[in-house]
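I opened this entry to look up how two helices pack and where the pockets lie. My notes follow the order in which I checked things.

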Amino acid sequence: AAGAGAAPTAGPAPGAGPATGVAGHPVLGVALALVAGVTYALYSWGAARMMRRGLPSRPVMGAVFGLGGVLLLPVLLLTGGPIVASWQHLAAVAYLAVVPMFLGYVLFGRGLGAVPASTATALSLLEPAVAAALAVLVLHERLPALGWAGVALLLAGLVVLTAPPRAPRLSARDSWGPAAP
């Protein structure tokens, strides 16, 4: 995820064939992103709803991710050959599963029990901005101006979303009471 949002420093190799995968099909990529966003919102809403009904966050998050893992088993069987091909790949996947995923979502689950799901989900949008900043600072990747504009827009949106509501302004007439007949 560290490179998420950061522009690659080099283009495709000269003479490389046509793009493959989702990158070669922007409509498919947008559709998949929308599906991911909707399912993430549903997951956050559903988990928060269960916790608000009195269920502890650990079992709720365990059930949600257990079900997600079972649903992803066919994907692993169809495409997971490179993951289990060597112990280095398996170790990297195990680290990613335990540290950023497990620990991150345990903490996210605790947050869902304390704040509205909409707030927790909105704040989780900081992840790609942090990933892009780390890619620039740690990996010395280059983020184009449009990428920085996106980060700024994301941060501005989060400020608006998380700012406390302002009290309505009273007009001079409202502050002095009803008008005289």
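**Helix crossing**

I looked first at how α1 passes α4, and the crossing is right-handed. The model is a predicted one. I then looked up the axes: those of helix α1 (residues 26–52) and helix α4 (residues 87–112) come within 9 Å and cross at roughly 60 degrees. That angle makes α1 oblique to α4.

Next I listed the residues in contact. On α1 they are Y40, Y43, S44, A47, A48, M51 and R52, and on α4 they are Y105, F108, G109 and L112. Sorted by class, this contact has eight nonpolar, two polar and one charged residues.

**Largest pocket**

I turned to the pockets. The largest pocket holds about 550 Å³ of space. It has 13 lining residues, and V64, F65, G68, G69 and L72 are the closest to its centre.

Which elements each supply at least two residues of this lining? I found α1, α2 (57–79) and α4. The largest share, seven residues, comes from α2. I counted ten nonpolar, three polar and no charged residues in the lining of the largest pocket.

**Second largest pocket**

The second largest pocket has about 470 Å³ of space. I noted its lining as A33, A36, G37, Y40, A41, M101, Y105, T121, L123, S124, L125 and E127. The elements giving two or more residues to this lining are α1, α4 and α5 (117–123). Here α1 gives the largest share, five residues. By class, I have eight nonpolar, three polar and one charged residues for this lining.

Last, I compared lists: Y40 and Y105 are in the α1–α4 contact and also line the second largest pocket.

How values were computed. Residues numbered from 1 in each chain as written. Predicted model: local features only at pLDDT ≥ 70, side-chain atom pairs only at ≥ 80, totals over all residues. Heavy atoms only, no water. Axes fitted to C-alpha atoms, helices over the stretch in contact; angles between N-to-C directions. Helix = DSSP H or I, 4+ residues; strand = E, 2+ residues; numbered from the N terminus. Parallel < 35°, antiparallel > 145°, perpendicular 65-115°, else oblique. Left-handed = near helix turned anticlockwise from the far one by under 90°. Contact = heavy atoms within 4.5 Å. Nonpolar A, V, L, I, M, F, W, Y, C, P; charged D, E, K, R; others polar. 1 Å grid on protein atoms, 1.4 Å probe; cavity = no way out; pocket = protein on both sides within 12 Å on 5 of 7 lines; lining within 4 Å. Points joined across faces, edges and corners; volume = space filled by probe spheres on them.
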